[in-house]
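Let's take a walk through this one together. Have the sequence and the 3D view open side by side, and we'll go from one spot to the next.

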Amino acid sequence: MADDIHVRLCLQDIVKLDLEVKAVIQDIKQDAETPEMLDDYNKEGRRKIGELRKRIADLERLGLEQEKETDRNAIEVNVKSLRLKLSSTTGSLRQATVSAKLALDKKMKNELLSGSSEVRQRNQGNRESLAKSANNISQNLISLNRTLEEQVKQSEMNATTLHVSSNMVRSTHDEFHSMGGHIQHSRRLLTKYGRREFTDRLLILLALVFFFATVLYIMKKRLWPS
């Protein structure tokens, strides 16, 4: 009963975190008006995805602890589906971040090339600020590239871990199946030897009865000859 409660709570957390990640993706698409806001949204999305990945791992652990094979199989199927969904959500976050970054870059380039007097005055009066902004854009792009590389590596590690876990589950299931066959064979042998022991005792008893009957018969013939 306690395991069922833990599974339900874990599933509720997974659904909640998934909705929160999707909300962050929507914020990136609609509200990321500056590189700083985009960076904050991206960090929040990656943090939520990390928590979501941890809760899916917790669900997989709870599944392996289930007593019924049907429950274990059902949770295993659910975990695989959730991991595929997580991979899709991670891709959506990455795509939304890249799209927003490109949109911000395009917007800034348009402002730089617009030719409006306001932009020209700002360019002439604050070249250091523009240089700093360009440097920030470059740094953000480098950071984003590193983030994408880390996410790809993490996805590869998760796929490897899932493959190893699946092999371990199948190996354990085969061992239990083989062990059950050995136990049944041993039980049949014990039953067979038990019946054989009973038969041997019965034969010994009959032999003793026959022996004593023979002795009594011989004594009777010698003591009381007819």
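In which helix is the place of Leu 93? Leu 93 sits in helix α3. Keep in mind from the start that this is a predicted model. With a relative accessible area of 0%, Leu 93 is buried, because buried here means under 20%. Now look for Lys 29: it is 64 residues away from Leu 93 in sequence, yet the two C-alpha atoms are 9.7 Å apart in space.

Time to zoom out. The protein chain has 5 helices and 0 strands, so reading along the sequence gives you the pattern α-α-α-α-α. The chain runs to 226 residues, and 21% of these count as buried. Helix α1 covers residues 2–31, α2 covers 35–64 and α3 covers 69–113, while α5 takes in residues 127–223.

What ties these helices to one another? Salt bridges are a good place to look. Side chains of opposite charge can pair when their charged atoms come close. A search of the whole structure turns up 14 salt bridges, and we can go through a few of them.

Start with Arg 55 and Asp 13, whose closest N and O atoms are 3.0 Å apart. Arg 55 belongs to helix α2 and Asp 13 to helix α1, so this pair ties together parts that are 42 residues apart in sequence. On the accessibility side, Arg 55 is partly exposed at 21%, and Asp 13 is partly exposed too, at 31%.

Next comes Asp 18 with Lys 85, a salt bridge in which the closest N and O atoms are 3.6 Å apart. Here the link is between distant parts of the chain, 67 residues apart, with Asp 18 in helix α1 and Lys 85 in helix α3. Is Asp 18 buried or exposed? Asp 18 is buried, with a relative accessible area of 9%, whereas its partner Lys 85 is partly exposed at 43%.

Then there is Lys 48, which pairs with Glu 20 at 2.7 Å between the closest N and O atoms. Because Lys 48 lies in helix α2 and Glu 20 in helix α1, the pair ties together parts that are 28 residues apart in sequence. Lys 48 counts as buried at 12% relative accessibility, while Glu 20 is partly exposed at 23%. This pair also has company: salt bridges that share partners join Glu 20, Glu 44, Arg 47, Lys 48 and Glu 51 into one network.

Now for empty space. How many cavities of 30 Å³ or more does the count come to? The count comes to 1, and the largest cavity holds about 100 Å³ of space. If you want to find the largest cavity in your viewer, select its lining: Pro 35, Leu 38, Asp 39, Asn 42, Arg 46, Thr 97, Lys 101, Asn 140, Ser 143, Leu 144 and Thr 147. Helices α2, α3 and α5 each supply at least two residues of that lining, and α2 gives the most, with 5 residues. What's the lining made of? By residue class, it divides into 3 nonpolar, 5 polar and 3 charged.

Last stop, the surface. Ile 204, Leu 208, Phe 211, Phe 212, Val 215, Leu 216, Met 219, Leu 223 and Trp 224 make a nonpolar surface patch of about 970 Å². Take Val 215 as an example: its place is in helix α5. Val 215 is partly exposed at a relative accessible area of 31%, so it clears the cut-off of over 30% that patch residues have to meet.

Looking back, we began at Leu 93, buried in helix α3, followed salt bridges such as the one between Arg 55 and Asp 13, stopped at the largest cavity with its lining from α2, α3 and α5, and finished at the nonpolar patch that includes Val 215.

How values were computed. Residues are numbered from 1 along each chain as its sequence is written. This is a predicted model: local features need pLDDT of at least 70, side-chain atom pairs count only at pLDDT 80 or more; totals for chains, interfaces and linings use all residues. Side-chain values use heavy atoms; hydrogens and water are left out. Patches are made of residues with over 30% relative accessible area and no salt bridge: like charges are joined within 9 Å, nonpolar side chains (Val, Leu, Ile, Met, Phe, Trp, Tyr) within 5 Å. Accessible areas come from the Shrake-Rupley method with a 1.4 Å probe; for residues, only the protein chains shown count as cover. A salt bridge is a side-chain nitrogen of Lys or Arg within 4 Å of a carboxyl oxygen of Asp or Glu. Helices (H or I, at least four residues) and strands (E, at least two) are DSSP runs, numbered from the N terminus. Buried means under 20% relative accessible area, exposed over 50%, partly exposed in between (1.4 Å probe, protein chains only). On a 1 Å grid over the protein atoms alone, a cavity is a set of points where a 1.4 Å probe fits but cannot get out, and a pocket is an open set with protein on both sides within 12 Å along at least five of seven lines; lining residues have an atom within 4 Å of a point. Grid points are joined across faces, edges and corners, and a volume is the space filled by probe spheres set on the points. Ala, Val, Leu, Ile, Met, Phe, Trp, Tyr, Cys and Pro count as nonpolar, Asp, Glu, Lys and Arg as charged, and the others, Gly among them, as polar.
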